[in-house]
Amino acid sequence: MKTIKALITSAFFILMMNMGYSQNVNDMVKEWERAKAYTLEYLDVMPAENFDLKPTPEIRSFAQQMLHITDANYGFTAAIAGVESPVGMGESEKSTDTSKESVTKMVTAGYDFVIDAIKGLSDSELSENITLFGQFEMTKAQALAKMFEHQTHHRGQSTIYIRLAGVKPPNEKLF
């Protein structure tokens with residue numbers, strides 16, 4: 001009996017891992033709305049005078065980190081949804097206006113682009129295969145998960161910038 005229970009449990013977890021990308025559109029929209037709100041909290045808490053802060057000279061500034069998220073959000077979304085990005089690849093991060101107001105506006109627009117595009121997908125489209133950036137074969141749901149992971153990674157990196165500015169970062173927003 002223990003062996004059967006262990007096998008069923010193992011099969012369940014393997015199935016769930018393989019289905020990890022099978023969220024529905026409504027769930028994905030909610031997750032992206034949460035991610036947008038969380039990122040906007042990061043932008044809000046960082047003092048305006050520290051948007052050009054770089055922990056070391058060779059890495060991105062806080063503003064560039066946020067704009068890198070935005071560029072990736074546009075690029076991934078355009079590829080996933082089959083729509084044209086209103087922003088050229090890497091153009092946000094090259095912006096010379098790295099003021100708090102400008103960066104917040106660009107980041108907000110990038111998240112809105114993602115959310116609107118996801119709303120335009122059907123649940124069945126999430127299982128469609130695409131070739132992301134001409135080299136990575138995956139479903140649209142998997143690509144959306146990769147994009148989510150990317151923005152989470154870079155937002156997480158920016159926590160250090162906020163700490164270096166002497167500010168407490170926003171509390172984690174898992175739900």
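## Salt bridges and a helix pair

Glu31 is partly exposed, with a relative accessible area of 28%. This value, like the others below, comes from a predicted model. Let's start with the partner of Glu31 and then move on to the other pairs.

Glu31 forms a salt bridge with Arg34, and their closest N and O atoms lie 2.4 Å apart. Arg34, unlike its partner, is buried: its relative accessible area is 15%, while that of Glu31 is 28%. Both residues sit in helix α2, and because they are three residues apart there, about one helical turn separates them.

This pair belongs to a set of six salt bridges in the structure. Another one joins Lys94 to Glu91, with 3.6 Å between the closest N and O atoms. Here Lys94 is exposed, at a relative accessible area of 58%, and Glu91 is partly exposed, at 43%.

A further salt bridge brings together the side chains of Lys140 and Glu128, at 3.2 Å from N to O. This pair links distant parts of the chain, with the two positions 12 residues apart: Lys140 belongs to helix α5 (residues 140–164), and Glu128 to the loop between α4 (100–119) and β1 (129–132). Lys140 is buried, with a relative accessible area of 8%, whereas Glu128 is partly exposed, with 36%.

Here are the three pairs side by side:

| Salt bridge | Closest N and O atoms |
|---|---|
| Glu31 and Arg34 | 2.4 Å |
| Lys94 and Glu91 | 3.6 Å |
| Lys140 and Glu128 | 3.2 Å |

Helix α2, home to Glu31 and Arg34, also has a helical neighbour to look at. Two packed helices are described by the angle between their axes and the distance between the axes. For helix α2 (residues 25–45) and helix α3 (residues 62–81), the axes come within 11 Å and cross at roughly 160°. Angles over 145 degrees count as roughly antiparallel, and α2 and α3 are therefore roughly antiparallel to each other. Their crossing is left-handed.

Which residues of α2 and α3 make the contact? On the α2 side they are Trp32, Thr39, Tyr42 and Leu43, and on the α3 side Phe62, Met66 and Asn73. Sorted by class, the contact of α2 with α3 has five nonpolar and two polar residues, and no charged ones.

Methods. Residues are numbered from 1 along each chain as its sequence is written. This is a predicted model: local features need pLDDT of at least 70, side-chain atom pairs count only at pLDDT 80 or more; totals for chains, interfaces and linings use all residues. Side-chain values use heavy atoms; hydrogens and water are left out. Axes are lines fitted to C-alpha atoms, for helices over the stretch in contact, and angles run from 0 to 180 degrees between N-to-C directions. Helices (H or I, at least four residues) and strands (E, at least two) are DSSP runs, numbered from the N terminus. Angles under 35 degrees count as roughly parallel, over 145 as roughly antiparallel, 65 to 115 as roughly perpendicular and the rest as oblique. A crossing is left-handed if the near helix is turned anticlockwise from the far one by less than a right angle, and right-handed if clockwise. Contact means heavy atoms within 4.5 Å. Ala, Val, Leu, Ile, Met, Phe, Trp, Tyr, Cys and Pro count as nonpolar, Asp, Glu, Lys and Arg as charged, and the others, Gly among them, as polar. A salt bridge is a side-chain nitrogen of Lys or Arg within 4 Å of a carboxyl oxygen of Asp or Glu. Buried means under 20% relative accessible area, exposed over 50%, partly exposed in between (1.4 Å probe, protein chains only).
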